[in-house]
Amino acid sequence: MAKKHPLDCSHGRRPVMVAATHCPCAESDPHVIARRSTSDGKHVLLWQDGSLTWALGEAIKGFAFPRTTEQARLALAAGRLVLGEVCLWDAMDVPDLVSAARWAAARHGTPGDLRARMKAVRERRSTDRDGGAL
Ligand SMILES: [Zn+2]
């Protein structure tokens, strides 16, 4: 019987081995600690070690599974930033959002830093597409 997680009630299992990490809920097996939806209805799951996956456990492009405690700490920070913003974006935007969140988390950034990074990435991409220089 699944215990209710202190951060969220959405438990799930992922069929891959991950580094052992300590979770405040004391569950030792890999488990989902939070789940949010994109604006187009795709579920994004944050795991106890900071991994982010789609609903069926597929890795999200641009997200590396953490292997060390420090990587997990950074991944959890990035994952929380992603989940705080993901409802504003479509699934196709999530890899960019993950990249921007990892950038912001590495700098102890805020959601505002994440949004500024996303805006910069979008503007650069738009310029590229229109034939402008980087
Ligand atoms: Zn937990």
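**A friendly note on the sheet, its hairpins and the core**

1. A good place to start is the pairing of strand 1 with strand 2 (residues 43–47): 5 bridges join these strands, which run antiparallel. Strands here are DSSP runs of E with at least two residues, while helices are runs of H or I with at least four, all numbered from the N terminus. Two strands count as paired if DSSP finds at least two bridges between them. Within this pair, Val32 sits opposite Trp47 of strand 2, and Ala34 faces Leu46 of strand 2.

2. Before going on, please note that this is a predicted model, where local features need pLDDT of at least 70 and side-chain atom pairs count only at pLDDT 80 or more, whereas totals for chains, interfaces and linings use all residues. Residue numbers start from 1 along each chain as its sequence is written.

3. On its other side, strand 2 is joined to strand 3 by 3 bridges, and these two strands also run antiparallel. Here Val44 has Trp54 of strand 3 as its bridge partner.

4. Taken together, the 3 strands make an open antiparallel sheet in the order 1-2-3. Strand 1 (32–37) and strand 3 (52–54) are at the edges with a single partner strand each, so one side of each has no neighbour in the sheet. On average, neighbouring strands are turned by 25° against each other, direction ignored.

5. Both hairpins have a glycine worth finding. The hairpin of strand 1 and strand 2 has 5 residues between the strands, and Gly41 there takes a positive phi near 90°. In the hairpin of strand 2 and strand 3, with 4 residues between the strands, Gly50 has a positive phi near 95°.

6. Now look at what covers the sheet. Helix 1 (residues 69–85) lies across strand 1, strand 2 and strand 3, at about 155° to strand 2; such angles run from 0 to 180 degrees between N-to-C directions of axes fitted to C-alpha atoms, for helices over the stretch in contact. In strand 2, 4 of the 5 residues are buried (20 or more other C-beta atoms within 10 Å of their own, with C-beta atoms placed from the backbone).

7. Finally, the largest nonpolar core (buried Ala, Val, Leu, Ile, Met, Phe, Trp, Tyr and Cys residues joined through C-beta atoms within 7 Å) has 26 residues, of which Leu46, Val82, Leu97 and Ala101 touch the most other members. Strand 1, strand 2, helix 1, helix 2 (94–106) and helix 3 (111–129) each supply at least two of its residues.

Key. Two residues are in contact if their C-beta atoms, placed from the backbone, lie within 7 Å. A residue is buried if 20 or more other C-beta atoms lie within 10 Å of its own, exposed if 12 or fewer, and partly exposed in between; C-beta atoms are placed from the backbone.
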